[in-house]
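Got a few minutes to look around a protein chain together? Keep the sequence and the 3D view open as you read.

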Amino acid sequence: MVSKPKHFSLLALVHLPVWLICLVLLWPVSLEPGVLEADQGSRTAPRIVDYQHHLPRSFRKRLRDTNRYIVLHSTESGLRSALNTLSRRGHSNYLVARNGTIYRILDKKYRSHHAGLSMWNGQTNISSHSIGIELVGYHNDPFTDAQYRSLKWLIEVLQRVYDIPDYHVLEHYRVAYGRPNRWVKKLHRGRKKDPGVFNFSRARAGLTSKDPRNSVLYDPDVQAGRLIRDPDIDIARVRLVDRGRYDEEVAQLSENVITRRNTAWRIAREEYNWSTTVYHFPKGTIMRGNQIRNWDRIPVGTKVYLHRDRAEDVQAVTAAVPVITRGTTAFDIAGPSYKRSDTYYIFPTGTIKHGRQVRQWSRIPADTRVLVRYNAPVALNKAARQAVSQDNTVFLVPPNEVLAAANVPDVSRLKSGTLVFTKK
Ligand SMILES: [Zn+2]
C-alpha cells in the first residue's frame, strides 16, 4: 500500500521525459503530416516547392472521404503548362517535374479532382478516395531517373502516413473508365492512357510487392464483368510471351498515326472528338475532332495530335517546317521520335543538333525548327538533284534561314553554303 504510490511516482518520473519526447516527436505528425515530408531522411529528400498559393481564392478545400489509394498520372504537357492547368483548379496534390522537383499543388489531405469518371473494385469516384500525383511527361515517353527517385520517395512517405499498400497505388488508366462510344459498346477501361501502359514502371517507383493485385494486368472490375478490358492490356500481356512482337506493337501504337488497328479512339481515347485533338490527313487537310462527322472514312496514315487548344499549336506541327512555339515541347511535334538521331533541330541561330545531342529539353528556344526522320544534312552542291526537288526537303540557308523546298522556285539561286535535309 505504501510502496504503491511511491512506485508509481518513480515510474512517472522515469517515464515523463520519454513521454515528453514522444509527444514532441508525434505532435507535428498528428497535427499536419506535411511536416513529415520535410523530415523524412533529409539527406535524400527531393526538393519540394509549395505551389499552393497559386490556387485561385475561390478554390474550396475539402477533405477526402477516405485515403485508400494513390493515383498516378502523366501531364501530357511540359512543366509550365502543367503547373498552370493543375493549380488553376487544384487538379492534383503533387506534380513531379522531370528534374525530380516535387511541387505541392494542394495539400495531401484535401480532395483534388484528378481521376474523373473512375472505378476500382466497384467503388466509383476515386478522386474522393485518393491522393493524385502527376508526372511531367507523356504516356508514351519514358520518365526520367530523377522523377522515379522523387516519386518513389513521395509514395513511400504517403504510404506510411496513410497506410496504403503497393497494390493500392494505381495508374490513372487503370481506374478510369468510359461510357459506350462508336468503338466500344459497353462501359470500358481505356478512357485514359496516362501514365502509360507500356511506359510507366511500377518497379522503378518502388512498387515491388509480390501480391497479384500489384500487377497492371489485375483489374477487379473487368474480372467482375462491370467493365470491358482496355485493348492495350492485351499487348501488355504479350510482353510476357513474345518480347519482339510486343516491342513492334508498342512502337506502332506510340506513333499516333491511324492504321486499320490504331483507330482514332485507340490513339486519342475519350478525346477523339474533342476540339483540341487535331487530325492531319495524308493529303494535308487539317480538322479538329469536333468537326469530323464520318469516323469510318478517316484515311490510314492520318496523324493525330492531342492537346492543341491554340491555333499556333496546330500551325507548329503543320507548317512546311514544323516549329517549336512558346509553350510547346519537342515531344509535341516529334512525338516519341524527338530523341532520335534522325530528328534534327535547327535553332534560331542556325545551329543544328540531332535528338541525341540535345541535353536540355526544357531549354529549346521558341522558333527552333524540327525535322523528324531526316537524313543528315549535306551541302547543296553535293545533294542529289532528285532529292532536292522533293516537297519535304528543307534548306538551311546561312546563317539561319530555313526554307521548305515547296517554297523555293529556283534552287540554283540559293546561296553557297546552303545545307540540304532530305526526308528518309
Ligand atoms: Zn490522368
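Here's a quick tour, topic by topic. One thing to know up front: this is a predicted model. We'll begin at the zinc ion, which is held by two histidines and an aspartate: His73, His172 and Asp194. From there we'll move to a strand, a helix and some aromatic rings.

**The zinc site**

- His73 and His172 each use their ND1 atom to coordinate the zinc ion, while Asp194 uses OD, and the distances run from 2.1 to 2.2 Å.
- Along the chain, these donors follow the spacing H-x98-H-x21-D.
- His73 belongs to strand S2 (residues 69-74) and His172 to helix H5 (residues 172-175), so this pair ties together parts that are 99 residues apart in sequence.
- Buried or exposed: which word fits His73 and His172? Both of them are buried.

**Strand S2, home of His73**

- S2 is mostly covered, with 6 of its 6 residues buried.
- In a regular strand, side chains alternate between the two faces of the sheet.
- You can follow the two faces of S2 here: Tyr69, Val71 and His73 sit on one side, Ile70, Leu72 and Ser74 sit on the other, and all of them are buried.
- S2 pairs with strand S7 (residues 130-135) in the parallel sense, over 6 bridges. To spot this in the viewer, find Val71 and look for its bridge partner in S7, Gly132.
- S2 also runs parallel to strand S8 (residues 169-171), and 3 bridges join the two. Here Ile70 has Val169 of S8 as its bridge partner.

**Helix H7**

- Helix H7 spans residues 231-241, and its buried residues include Asp232, Ile233, Ile235, Ala236 and Val238.
- What covers the buried residues of H7? The cover includes H5, helix H8 (243-254) and helix H9 (264-268).
- At the start of H7, Asp230 reaches over with a side-chain oxygen, coming within 2.8 Å of the backbone nitrogen of Asp232.

**Aromatic rings**

- The model has 15 aromatic pairs.
- Take Tyr272 and Trp295: their ring centres are 5.0 Å apart and their planes are at 80°, so the pair is edge-to-face.
- This pair links distant parts of the chain, 23 residues apart: Tyr272 is in the loop between H9 and strand S11 (278-280), and Trp295 is in the loop between strand S12 (286-288) and strand S13 (303-305).
- Tyr272 has 11% relative accessibility and counts as buried; Trp295 also comes out at 11% and counts as buried.
- Tyr338 and Trp361 form an edge-to-face pair too, at 4.8 Å centre to centre with 75° between the planes.
- Tyr338 lies in the loop between helix H11 (330-334) and strand S14 (344-346), and Trp361 in the loop between strand S15 (352-354) and strand S16 (369-371), so the pair ties together parts 23 residues apart in sequence.
- Tyr338 is buried, with a relative accessible area of 5%, whereas Trp361 counts as partly exposed at 25% relative accessibility.
- Ring pairs also link Tyr338 and Trp361 with Tyr138, Phe331 and Tyr345 into a cluster.

**Arginines over rings**

- Arg64 lies over the face of Tyr162, at 5.8 Å from the ring centre.
- Arg213 lies over the face of Tyr167, at 3.9 Å from the ring centre.

Terms used: Residues are numbered from 1 along each chain as its sequence is written. This is a predicted model: local features need pLDDT of at least 70, side-chain atom pairs count only at pLDDT 80 or more; totals for chains, interfaces and linings use all residues. Side-chain values use heavy atoms; hydrogens and water are left out. Donors are N, O and S atoms within 2.8 Å of the metal (3.2 Å for Na, K and Ca); water is not among the atoms, so sites may look incomplete. Helices (H or I, at least four residues) and strands (E, at least two) are DSSP runs, numbered from the N terminus. Buried means under 20% relative accessible area, exposed over 50%, partly exposed in between (1.4 Å probe, protein chains only). Two strands pair if DSSP finds at least two bridges between them. Contact means heavy atoms within 4.5 Å. A polar contact is a pair of N or O atoms within 3.5 Å; within protein, one must be able to donate a hydrogen and the other to accept it, and residues adjacent in sequence count only if both atoms are side-chain atoms. Rings of Phe, Tyr and Trp (its six-membered ring) pair if their centres lie within 6.5 Å; planes under 30 degrees apart count as stacked, over 60 as edge-to-face and the rest as tilted. A charge sits over a ring if NZ of Lys or CZ of Arg is within 6 Å of the ring centre and within 35 degrees of the ring normal.
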